[in-house]
Amino acid sequence: MVREAASPSLPADLLELAKPRITSLVALTTAAGFAVASPYGELDARLFAHTVVGTALVCGGSAALNHYLERALDARM
């Protein structure tokens, strides 16, 4: 008897579309660049958090949009 694999849940699928490993690397690079560019070591914590979180959201959203736009080409591979 062959058991079918359980299908992943919707939140797990959406997280996979956002490519979390790549997104985290982009967010880390943004954080490092922000810290280095801060004048005299003064880091505005609120602006820093907004910049890093915003960058991660944009990166994840663009990855998901890329999956959507490339679905026909990916299906042929």
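So, the surface first: in this predicted model, the chain has an accessible surface of about 6500 Å². Carbon and sulfur atoms account for 67% of that. And what about the inside? Of the 77 residues in the chain, 13% count as buried.

Staying on the outside for a moment, there's a nonpolar patch on the surface, made by Leu 10, Leu 14 and Leu 17. Together, those three have about 280 Å² of accessible area. Leu 17 sits in helix α1, and its relative accessible area is 31%, so we call Leu 17 partly exposed.

Okay, the overall layout. If you walk along the sequence, you get α-α-α-α. That's four helices, and zero strands.

Let's look at α2, which runs over residues 20-37. It has 18 residues, and going from its first C-alpha to its last you cover 25 Å. At 1.5 Å a residue you'd expect 26 Å, so that's close.

Now, which residues of α2 are buried? They're Thr 23, Ala 27, Ala 31 and Phe 34. Here's the nice bit: these four cover an arc of only 75° around the axis, and that's why they end up on the same side of α2. Turn the helix around, and the face pointing away from the buried side carries exposed residues: Arg 21, Leu 25, Leu 28, Thr 29, Val 36 and Ala 37.

So what do the buried residues of α2 pack against? That would be α3, residues 45-69.

On to α3, then. It has 25 residues and reaches 36 Å from its first C-alpha to its last, close to the expected 36 Å at 1.5 Å a residue. Its buried residues are Val 52, Cys 59, Gly 60 and Ala 63. What covers them? The cover includes α1, residues 10-17, as well as α2.

One more residue in α3 to point out: Ala 64. Is Ala 64 buried or partly exposed? Buried would mean under 20% relative accessible area, and Ala 64 has 27%, so it's partly exposed.

Last thing, and have a go at finding this on the structure. How far apart are Ala 64 and Lys 19 in sequence, and how far in space? In sequence, 45 residues separate them, while in space their C-alpha atoms are 8.0 Å apart.

Technical notes: Residues numbered from 1 in each chain as written. Predicted model: local features only at pLDDT ≥ 70, side-chain atom pairs only at ≥ 80, totals over all residues. Heavy atoms only, no water. Helix = DSSP H or I, 4+ residues; strand = E, 2+ residues; numbered from the N terminus. Buried < 20%, exposed > 50% of the residue type's maximum accessible area, 1.4 Å probe, protein only. Arc of directions from axis to C-beta. Contact = heavy atoms within 4.5 Å. Areas by Shrake-Rupley, 256 points an atom, 1.4 Å probe, with all protein chains shown as cover. Patch = residues over 30% accessible without salt bridge, like charges linked within 9 Å, V, L, I, M, F, W, Y side chains within 5 Å. Salt bridge = Lys/Arg side-chain N within 4 Å of Asp/Glu carboxyl O.
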